[in-house]
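Colleague: I am new to this structure and would be grateful for a close look at one small part of it. Please start from that part and then set it within its surroundings, stating also how far the model itself may be trusted.

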Amino acid sequence: MSDKNKMSVAEILAAARAEKAGAAKPTSDANSADGPSPVPAASDAHGSPGAESASETAPPETAPPESGPAKPIGPAPAAMPRASMSVAEMLAAARAGKKAEAGPSGSAAAKRAEPKGAPNAAAKAQAETGTPAKKPPAKSPSPGTATPGTATPDTTSILAAARQAAKPGPISKAQAAALGRPVAPAKPAGPPPMPERPAHLRPRERAPEPSRRSFFASFAGVLFGSSLAVGFSSLFVTHLLWALGFARFMFPNILTEPPTIFKVGFPSDYGPGQVETKYVAQFGVWVVRSEYNGQTSIYALRTVCTHLGCTPNWLEGEQKFKCPCHGSGFYKDGINFEGPAPRPLERYAVRVADDGQIEVDKSRKFNEEMGQWKDPACYIPV
Amino acid sequence: MHGHNEAEFLKEVAGFLGVYYLALAAMNMTAALYVWKSGKALRIVKLGGTAATTAHLWLLLGLVFLLMAPLGFSGDAATMRLVSVPESFREIINVAMGPMVYTVGSVVGLVVLFVLRRFFVKPTVAWIGLNASLLLMGLSMTDPDFADIVRKADNVPIVGLIFMLGFFTWLGAYRAIENDDRAKRGLPPVEAEQREKVLVWPDLVYIELICMVFLTAFLLVWAIVLKAPLEEPASAVKTPNPSKAPWYFLGLQEMLVYYDPWMAGVVLPSLIIVGLAAIPYLDFNKKGNGYYTIDERKFAYVMFQFGFLLLWVTLIVMGTFLRGPNWNFFGPYETWDPHKVEALNNVDLSEFFWIRWLHMPRPKAPDGAGILRTLAMIVYRESPGIVLLVGYLAIVPHALVLGSRFFRDLFARMGFLRYMVLANLLLMMMLLPIKMICRWGFNLKYFVAIPEYMLNF
């Protein structure tokens, strides 16, 4: 069923041929005409793509049969008990039977085949003659072979059975007369209306080339044509602005991170015991020249208190780093001596760069309590 | 301070002080009128034919405040000195005041208030106490340093907190003692007799509505008069000095001075919450339900007031008014000098133990030792603190049971597990003042200090 909507060229041709053949040799379809042929046709449509697309072309009055295939009653109504037919199928069967009865046998069959059965018949014909693009025959038994053995029921009785929802199946006219049931008078049968051409066969209408003015007019109409359009337009605009604002939010208006490796002047710039605080604001580093364990060296201390992360202040008068948050104090060499700070300040890596300047690398830290201050990477001996 | 001289400062305070004394006068005169009209005046002394009552006393006090008001309004240095705390008194207070004096003094003060509660809850005594504290505050406002701290927009609520807390604690104690006295005479508590009921609508809802309107108006005025203190933009490398937590967290910040952040910031606050949540499972005393009482649940009352008033509120007050730049302690009349030198050298217990008492270096794993050996040496190094701490938490509960009949009863009532939970919660609570006193008194930093693994206690 991959190709539901379109008939292949071969099928269309086959349909045309069958139509012609039906008109020329009406009797060829006779045995299917007096059987419950439309129902199998409908169920056939269920099975084969060509037939289904053909059934879509059926006129509105014959819509009921189309709903039949949707039900899973499947391929062989002839073999199944009549009671299990849906009302729609019964109606379809009744109409088809009546038409077959009303007209002369040959032309009736042709006419019946014309409105909706023609492509079906074509498809059937194809199936019987073994032309390609057909489903396996098990799924769509041909009506001609299915019907012969059964007694042909009368359409009115089918209708009556359907109306009464009676358990016993439909009976023939003769049986109805025998049982004394009323036989509905036959309706005058007019020629059925021509089906509309299927959409895919109709020539496509060309949209007129829009002028620029009409284009903008229609555009404005879509945007502001109604209160709903205005509402949706403003919703869209709001969302658009929001999305733009969000995009802007992703790029906050901040200074970018200063480099983690930077130079802080020459070792000779540092006097004995000097604590250089001018790099605190930008880099968060004190560069100190002082003694640690009896050795004079230059090192870089990280300006983060080891207690809770505030920035201590260097108090020149007291010669100590003092944290304003909880009062931790550190000596010039970074060793904690007062307050709650549990460990000394951390050092950054320093080295003498090629140009003779001190280079601080903030990506490496050295902790005294881990014994890392012995690493020569964290101080420059003077 | 802050660039303007003494005269300018006095002019600034004068308006406030004048109104302040007028308000005090009005307050006392209203009290005199109320006491007189209601016939609740107590006779103090008998002078000839007429008796001097408390009504006369409040009226006299009101007149004194009325006389002080123009002095306060004057803004003149010589006149203002009449309504100031004497300089020598301020000096004494500043020198004497320290964290130890403040905290121990608070404990002693609260104990005195509790023991003599029957005296202090008398309305007359309480009124005198209120007047005295308000007067002390007014007299101190002429001190620039004091005024600077108290008038700071951030700190005004704390001033209100002190007075409101005093009032509500007094009110609770007053009602409790009334009930306790009734219980002694075999009467039911007041609340049991006052069973009169009012309707939610309209009585309660109207009261609530009126309160809501007035409170909103009050907050609006407050927000307009006292500006929100905005500071300079935050910077990761610049910490304001002093850097203070919001007022309700100042107790926690003070706790952080004595503990590792992991301990004071996570474990102990969690323990506070867990302990509060555990109270219903630990408290088997069914008395005091629906009425005020102290005698019937003395233990619960004392423990609550100790934890709340001492370990929370006094720490907030200390953090607000007495902690200055570099988190140094400053007296109430002391200038906040960021270069105040406090000679401190805090030492871990292990250093005390190994170096000062045993005169040997602290045990240390040789360089390049394995992790397990290093760890074992660290534990060995800190063993005095670990033994002390474990002993404190494990042995003291048993010692309490053996040594005190009250705790023996508790143990019998509660069973081992519940008793141990209660005792350990209490001991953890007590550990904070113990630690504070060790810090101030002996410069002890940590009982157990394992900075290698961020474990400090």
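**A loop in chain B and its setting**

Modeller: Met454(B) is placed in the loop that joins strand E3 (449–450) to strand E4 (455–456) of chain B. The model in which it appears is a predicted one. The backbone of Met454(B) has a positive phi, near 60°, although the residue is not a glycine. Most residues other than glycine have a negative phi, and most peptide bonds are trans. Met454(B) counts as exposed because 12 C-beta neighbours lie inside 10 Å, and the class of exposed residues takes in those with 12 or fewer.

Chain A offers a parallel. Asn293(A) also has a positive phi, of about 55°, without being a glycine. The loop that holds Asn293(A) runs between strand E3 (285–292) and strand E4 (295–302) of chain A. Asn293(A) has 8 C-beta neighbours inside 10 Å and therefore counts as exposed.

Other backbone features of chain B belong beside Met454(B). The peptide bond from Trp201(B) to Pro202(B) is cis, with omega near 10°, and Pro202(B) is part of helix H11 of chain B. A cis bond likewise joins Asn241(B) to Pro242(B), where omega is about 0°. Pro242(B) sits in the loop between H11 and H12 of chain B. Just after helix H9 of chain B, Gly186(B) takes a positive phi of about 80°.

The chain around these sites is built from 18 helices and four strands. Of its 457 residues, 21% count as buried. Among the contacts in chain B with a separation of 6 or more, 68% are between residues 24 or more positions apart.

Several of the helices deserve description. Helix H11 (residues 200–225) of chain B, the one that holds Pro202(B), has 26 residues and reaches 36 Å from its first C-alpha to its last, close to the 38 Å expected at 1.5 Å a residue. The number of buried residues in H11(B) is zero, so this helix lies largely in the open.

Helix H9 (residues 156–184) of chain B has 29 residues, and its span of 42 Å is close to the 42 Å expected. Buried residues in H9(B) are Ile158(B), Ala173(B), Ala176(B) and Asn179(B). Their cover includes helix H6 (117–120), helix H10 (190–193) and helix H14 (298–322) of chain B.

A helix pair comes next. The axes of helix H5 (residues 99–115) and helix H18 (residues 405–442) of chain B come within 10 Å and cross at roughly 150°, and the crossing is left-handed. From H5(B), Pro99(B), Met100(B) and Thr103(B) meet Pro433(B), Met436(B), Ile437(B), Trp440(B) and Gly441(B) of H18(B). By class, this contact has six nonpolar residues, two polar ones and no charged residue.

Chain B also touches chain A. The contact takes 27 residues from chain B and 26 residues from chain A. On the side of chain B, the largest share, three residues, comes from helix H12 (residues 250–258). That side has 15 nonpolar, nine polar and three charged residues.

Chain A itself has 13 helices and eleven strands. Buried residues make up 36% of its 382 residues, and residues 24 or more positions apart account for 58% of its contacts with a separation of 6 or more. Helix H11 (residues 212–224) of chain A has 13 residues, and its end C-alpha atoms are 18 Å apart, in agreement with the span of 18 Å to be expected at 1.5 Å a residue. None of the residues of H11(A) is buried, so H11(A) lies largely in the open. In helix H10 (residues 173–179) of chain A is Ala176(A), which counts as partly exposed because it has 19 C-beta neighbours inside 10 Å. Its C-alpha lies 9.3 Å from that of Thr156(A), with their positions 20 residues apart in sequence.

Lastly, confidence in chain A must be considered. Chain A averages a pLDDT of 71, and 60% of its residues score at least 70. The lowest confidence is in helix H3 (residues 38–47), at a mean of 42, and the highest is in strand E9 (residues 347–352), at 94. Over residues 103–119 of chain A the pLDDT stays under 50, and the model has 48 contacts beyond four places in sequence for this stretch. Residues 121–149 of chain A are also below 50, with 56 contacts in the model beyond near neighbours in sequence.

Definitions and conventions. Residues are numbered from 1 along each chain as its sequence is written. Chains are lettered from A and ligands numbered from 1 in the order in which they are written. This is a predicted model: local features need pLDDT of at least 70, side-chain atom pairs count only at pLDDT 80 or more; totals for chains, interfaces and linings use all residues. Helices (H or I, at least four residues) and strands (E, at least two) are DSSP runs, numbered from the N terminus. The expected span of a helix is 1.5 Å times one less than its number of residues. A residue is buried if 20 or more other C-beta atoms lie within 10 Å of its own, exposed if 12 or fewer, and partly exposed in between; C-beta atoms are placed from the backbone. Two residues are in contact if their C-beta atoms, placed from the backbone, lie within 7 Å. Axes are lines fitted to C-alpha atoms, for helices over the stretch in contact, and angles run from 0 to 180 degrees between N-to-C directions. A crossing is left-handed if the near helix is turned anticlockwise from the far one by less than a right angle, and right-handed if clockwise. Ala, Val, Leu, Ile, Met, Phe, Trp, Tyr, Cys and Pro count as nonpolar, Asp, Glu, Lys and Arg as charged, and the others, Gly among them, as polar. pLDDT is the predictor's confidence in each residue, from 0 to 100.
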